[in-house]
Structures are given as C-alpha cells and as structure tokens.
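Trainee: Walk me through this one, please, and tell me which cut-off stands behind each word you use.

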Amino acid sequence: MIDRTVEWFSPSSALQRTRSRLALDEMKAGAQELERRRYEAAQRSRTSGDWRGNGLSGNANLSPDLSWIRARVRHMEQNQTEVATAVRNLTVDLTGLDIRAAHPTKQVVAKAQKAWSAFHELLDYVVKEKVIVREVILGGEVLIVLRPRGKKPSQRIQILPGEQLDQSKTEILANGNTVVMGVERDAESDVVAYWIFPNHPGDMIGTMAWASERIEARYVLHVFEELWPDQARGVPWFYASVLTDDEIEQLRTALRVKRRVEACLSIHVTPGEGGREGDLLGSTSKDDRGRQIDKLAPGMVLYGKAGDKVEVINPSASGGADAFVKSEVMRASAAKGVPHHIVSGDVSNANYSSLRADIVPYHRRLDDWIYTVFGPKLLKRLFKVCMELAVLETGDKRLLDVRGEIAVPERAWVDPYKDIMALKERLRLFPGQLPEVMARMGIDWREAFALQAEVNEVADADKLIYDADPRLTAGSGAIQAGLMPADGQDKSKAA
C-alpha cells in the first residue's frame, strides 16, 4: 500500500524503492548461499559453538605446555607398559646409523673415513647414540654441546636434556636479536646462540646456578623434529597419546580390582524366626562393631537351622573390557607412529599381509625421522666438524669437500624369501637402483663390489664353483654351459 501511494505521487521515487528492494533481496540470497558454501569445520552450532582455536603461533602454543608434556611423557615411560615398550623398540630401530664418506678421489675418501672412524671412537658415539635417541623421543629434543679436550677443540660431546635449555628466556635483546624459549635468532632468523643452564633444574645439587649462560650455536647441536616454520623447541613424540596412555592404565587398574572382586564368593545368613547367630560355619570372628563373621573354606558343607535364609553373593563378570582396552592401545599406538604389534607384542591375529601392511609405513616413518632429524641435525653436523678438525690436523683442504652419506643398518624382513625375491625382480627392472638399495641395507656398494671382485679372483684361481656365483651358475644352481673355468682361465670374463 505504501509503494502504491508513493508511486501515485512520485513514480521516480517508487522506481528507486523497487530497485533497492530487488538489490536487497539479491544480497540476502547471496549471503544465504555463502552461508551454505562455507567450510563445515568452521560452522558454529549448538554442538560446536564452544569449539574455538586460539590462533597463536606454534611457539606460543608450546611455551606454557612444554614442561608439562615432557614430564607426563617421562612419567608414562617409567610406569606404563606400552609406552616403555614403544620407546625401547623405537630406540633400537633408530640407532646404528653411520656416515659414509663420498668424494671423487679414492685417497680422500679413505682419509676421510679413517678420520671419521677415529672421531667416532673418540666421542664414544656408539654408546651415547642410544641416550641421544631416547632423549629426543621422550623430551622432544636433545642438546649436544661440543667441548674441548685439553687444547684440542670439539674433542668430546656433552649430552644435555631439553630441560637445561632456558624455557623462560623469551625477550628482545639490545642488539636486535630475539630469544624464544632460550633459542636466540638474529635479524635473518638464523639461530646464533642457545641459553643453557649449567645444571639440570631438577637436580639435587646444592650449588645449582639458576642463571642460564649463552653458548654460540656453532658449538651446539640442537636435535629435534621440526613441525612448523621457525620452530624453537622440540615436542615430545608421544604428545598426542599421553592422555590416552594414562587413561588406559587407570582403566586396567580398575579392571584388576573388579576382577579380584569377581573371584570372590560370599554368603549372607539371616537367622530364622526366633533364631540367633550361632557357630554356623565353624570358624568365626568379630568385627569392630561386634558382629559375627563366619569364614568360608573350599569344600565346606553348610548346615543351617530350620528357617535360616542363606544368600550367596557372586559378583557378575565384566564383558567386553579386553576388546575395549585393545582398541584403546591400538589408538595410542597409531598416535605414536609405532605398529600395534610392536607396542603390545600381540601378533595373535596377524599374518604376512597384515604385518607387511603395518611394517612398510612404519619403515617409511623411520626413514623420515632418520633423514630429517638424526641425519642432518646430528650425524652430518658431527661429520662436518670431524672434517674441519681433520683439515687442521693434516692440512688437506680437500676434506672439506667430502660429502657424508647416511648409512642405515639392515632391517629385518617380514618374510625373507618373499622380500628377497621381490628385491631381486626390482633390481632386474631397475639395475641402477643397486647402490641405493645397498645403502638402505647399510652396505657401501663400492666396498662391496671391491670385496666381491677379490672373492671372485680367489675362487677362479682355486677353480671353485659355488651356487651364489651368477657368472657360472644359473638361478636353479646348475652350471652354465661353457662358463666353467679350466686351467685357471676365467671364461666368464670373456663371455
């Protein structure tokens, strides 16, 4: 009615009102369409209205919680079966790494490898590697400080837990550098120093020095897994499962108590009319309130008086608890990144296919930790320090150009025969992958080929034929025609 009235007196005003109303309707429709097109993960409803993120950076989120997470993970490793097993097995699978020297000149490689072996032994690295790996898993990080031995620099290493890195030191220094949780960076965001306590904050040392001291980054190896840009500190690896692990242990404690009660049997006797409590079961005693308690023994025959009422109390058994605990352990294992059968030791329902399906991604996770954490942040940096010290000792600057290649120890196969045959077919299709495959087995292909040539030479000189020699025998073990050496001549080379 208003529109018709306006239209009667002022058609132009009515036209403007109509246009505005159409535009408004279109805008409302568009807003509704946008509402429908938004991410469901960001919808605010009655069930998810109180679910909000804080929008803080990774370092800001970690700073107030790191000490709590680390303490709880350490506590669970000391008191919970699956956590202790996971830590032990992960430690075994991640130790035994080594570095192989690579350089175009064989003499330089030999010199570098000799220097590395001596440095490796000097640091007692084989023993300390286990401590380093465990500390990274449990504490999320480890600090390795290079210390001098006499007048020689970087001849020993000091392993420090993450607790000794001053977590409370976060500030902007006078020179413009920023310190976040004890890690100092310059204007280019490069780490230049660490602020470290002389002793562990939780030690029982009376002369504890609480002030952290600044140590230049070139003397410190900070080993941790990087999960976000400019990450200052490492996160304990089991952060996502620690609460579940604690609840599993509490559940098991409750189930143990319940099953102890389930194993009990009790009898309640109500005397008949006009009766009184007597020596019904033979052996009796009194409680603190003077009530008679009869003891029930196996094989006992119960005789009561006329009118006595006997009630047997037998607690009901709990059902489905074992399956629930197992499912929770599987969830916690997935959060740890460790297969369930490695954590629990339960392979009752496993076969070759299921084990392989679990082991293959586990080995990929091991490779990720090796080639992104322990390889570049630990071994390669130690190898670089070793080469720099070797240059000071020998004066051969070519050692600075030696490249360190990570050598991984051989891993056990699920089914050796099947795995070997699959590897054999792979190398038939892609023979150029032989050096890489051998490196993953912890074997240096150059050394292996040189040793194999020496073995072949001795075998040919002594006219020996063995089944594993593909030059002379077929895959079935039969001697290949025309290739048997005669009179000390190796016809396989001519062929």
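Mentor: The protein has 15 helices and 14 strands in its secondary structure. This is a predicted model, in which local features need pLDDT of at least 70 and side-chain atom pairs pLDDT 80 or more, while totals for chains, interfaces and linings use all residues. Residues are numbered from 1 along each chain as its sequence is written, and side-chain values use heavy atoms, with hydrogens and water left out.

Trainee: What makes a stretch a helix or a strand?

Mentor: Both are DSSP runs numbered from the N terminus: H or I with at least four residues for a helix, E with at least two for a strand.

Trainee: What share of the 495 residues counts as buried?

Mentor: That's 32%. Buried means under 20% relative accessible area, exposed means over 50%, and partly exposed is in between, with a 1.4 Å probe and protein chains only.

Trainee: Why is Gln231 called buried?

Mentor: Its relative accessibility is 2%, and the limit is under 20%, so the label fits. Gln231 sits in the loop between strand S9 (220–224) and helix H8 (242–262). Leaving out residues up to four places away in sequence, Gln231 touches Asn59, Arg185, Phe224, Glu225 and Glu226; contact here means heavy atoms within 4.5 Å.

Trainee: How do you know which backbone atoms lie by polar atoms of the side chain of Gln231?

Mentor: From the distances: 3.5 Å to the backbone oxygen of Glu225 and 2.5 Å to the backbone nitrogen of Leu227. A polar contact is a pair of N or O atoms within 3.5 Å; within protein, one must be able to donate a hydrogen and the other to accept it, and residues adjacent in sequence count only if both atoms are side-chain atoms.

Trainee: Which side chain makes a polar contact with Lys377?

Mentor: The side chain of Glu226, at 2.8 Å. With a limit of 3.5 Å, that value qualifies. Lys377 lies in helix H11, and it also touches Leu221, His222, Val223, Phe224 and Thr372, again skipping residues up to four places away.

Trainee: Why does Lys377, a lysine, count as buried?

Mentor: Its relative accessibility comes to 16%, which is under 20% and so meets the definition.

Trainee: What makes Trp237 and Trp369 a stacked pair?

Mentor: A pair of aromatic rings is described by the distance of the centres and the angle of the planes. Rings of Phe, Tyr and Trp (its six-membered ring) pair if their centres lie within 6.5 Å; planes under 30 degrees apart count as stacked, over 60 as edge-to-face and the rest as tilted. The search of the whole structure gives 5 aromatic pairs. For Trp237 and Trp369 the values are 4.5 Å centre to centre and 20° between the planes, so both limits are met. Trp237 is in the loop between S9 and H8 and Trp369 in H11, so the pair ties together parts 132 residues apart in sequence. Trp237 is buried at 7% relative accessibility, and Trp369 is buried at 7% too.

Trainee: Which rings link into a cluster?

Mentor: Trp116, Phe119 and Phe383, joined by ring pairs.

Trainee: How many angstroms separate the C-alpha atoms of His103 and Asp401?

Mentor: 7.4 Å, though they are 298 residues apart along the chain. Beyond its neighbours within four places, His103 is in contact with Val108, Val109, Arg398, Asp401 and Val402.

Trainee: What makes the largest pocket a pocket rather than a cavity?

Mentor: On a 1 Å grid over the protein atoms alone, a cavity is a set of points where a 1.4 Å probe fits but cannot get out, whereas a pocket is an open set with protein on both sides within 12 Å along at least five of seven lines; lining residues have an atom within 4 Å of a point. The largest pocket holds about 1,100 Å³, where volume is the space filled by probe spheres set on the points, joined across faces, edges and corners. It has 25 lining residues, with Lys424, Leu427, Leu434, Ala468 and Pro470 nearest its centre. H12 gives the most, 5 residues.

Trainee: What is the volume of the second largest pocket?

Mentor: About 710 Å³. Among its 21 lining residues, His363, Arg411, Trp413, Arg426 and Arg440 are closest to the centre. H11 has the largest share of that lining, 7 residues.
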